[in-house]
Structures are given as structure tokens and as C-alpha cells.
Amino acid sequence: MTTKEFLKIVEENIKRYFYQEKYFNLSEIIQVWYCKTIQNHKGLFIVKESDGILPYFIEATYNGDKSELYLDFYNKADKMTYKIS
């Protein structure tokens, strides 16, 4: 699988997930980070809608040995701010 194929499959499956959840405002899936090691791919994504960025952080992993794609959805739980002098 090429990088381009991985990114296309990830985008299709993220959209499918949000459409199943009745979320039709998706305007953009933003790739934050990507890495390929041997036959495996991993990427981190955020989803933007018309009102702003959704509170989801999505980890996509393609297991080349099993030809499987895994999507893990994380929700922002908290934000801490620290002053550094």
C-alpha cells in the first residue's frame, strides 16, 4: 500500500464513521502526523467542521501483515496551562 492509498482509505473511513453518527458538517480531515515502517502505516488526524475543530483526535493504523485498518478515536478531556519562566 502506498502513502497516498493509506491516506485515501483513512479519509473514506473517517467520513463513513461520522456519517453513521449523523454528523454531516465535515469540511476537512487534517493530517497531523504520518509514519510508514516496513509495510505498516500510522497517522494522526483531527476533523474540522464548519463551526471549528471537533474534539476528536484520531489515530489510524494500517497493519500490513493482516491488511487491516484500525481507527482509534480520542476525546479531549482537559486542557492545562502552565506559566514557564
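**Exercise 1. Find out which parts of the chain the salt bridge between the side chains of Lys42 and Glu59 links, and whether each residue is buried or exposed.**

Step 1. The N to O distance between Lys42 and Glu59 is 2.6 Å. A salt bridge needs a side-chain nitrogen of Lys or Arg within 4 Å of a carboxyl oxygen of Asp or Glu.

Step 2. Lys42 sits in strand β2 (residues 40-49) and Glu59 in strand β3, 17 residues apart, so this pair links distant parts of the chain. Helices (H or I, at least four residues) and strands (E, at least two) are DSSP runs, numbered from the N terminus.

Step 3. Glu59 is buried, at 17% relative accessible area, while Lys42 is partly exposed at 27%. Buried means under 20% relative accessible area, exposed over 50%, and partly exposed in between (1.4 Å probe, protein chains only).

A word on the model before you go on. It is predicted: local features need pLDDT (the predictor's confidence in each residue, from 0 to 100) of at least 70, side-chain atom pairs count only at pLDDT 80 or more, and totals for chains, interfaces and linings use all residues. Residues are numbered from 1 along each chain as its sequence is written, and side-chain values use heavy atoms, leaving out hydrogens and water.

**Exercise 2. Work out how the salt bridges of Lys8 and Lys15 are placed in helix α1.**

Step 1. Lys8 pairs with Glu12, with the closest N and O atoms 4.0 Å apart. Both lie in helix α1, 4 residues apart, about one turn of the helix.

Step 2. Lys15 pairs with Glu11 at 3.0 Å between the closest N and O atoms. This pair, too, spans 4 residues of helix α1, about one turn.

Step 3. Now check the surface: Lys8 is exposed at 53%, whereas Glu12 is partly exposed at 38%.

Step 4. The count for the structure comes to 3 salt bridges.

**Exercise 3. Describe the aromatic pair of Phe18 and Tyr56.**

Step 1. The structure holds 7 aromatic pairs. Rings of Phe, Tyr and Trp (its six-membered ring) pair if their centres lie within 6.5 Å; planes under 30 degrees apart count as stacked, over 60 as edge-to-face and the rest as tilted.

Step 2. Phe18 and Tyr56 are 5.5 Å apart, centre to centre, with 70° between the planes, so the pair is edge-to-face.

Step 3. Phe18 belongs to helix α1 (residues 3-20) and Tyr56 to strand β3 (residues 52-63), 38 residues apart.

Step 4. Phe18 is buried at 1%, and Tyr56 is partly exposed at 24%.
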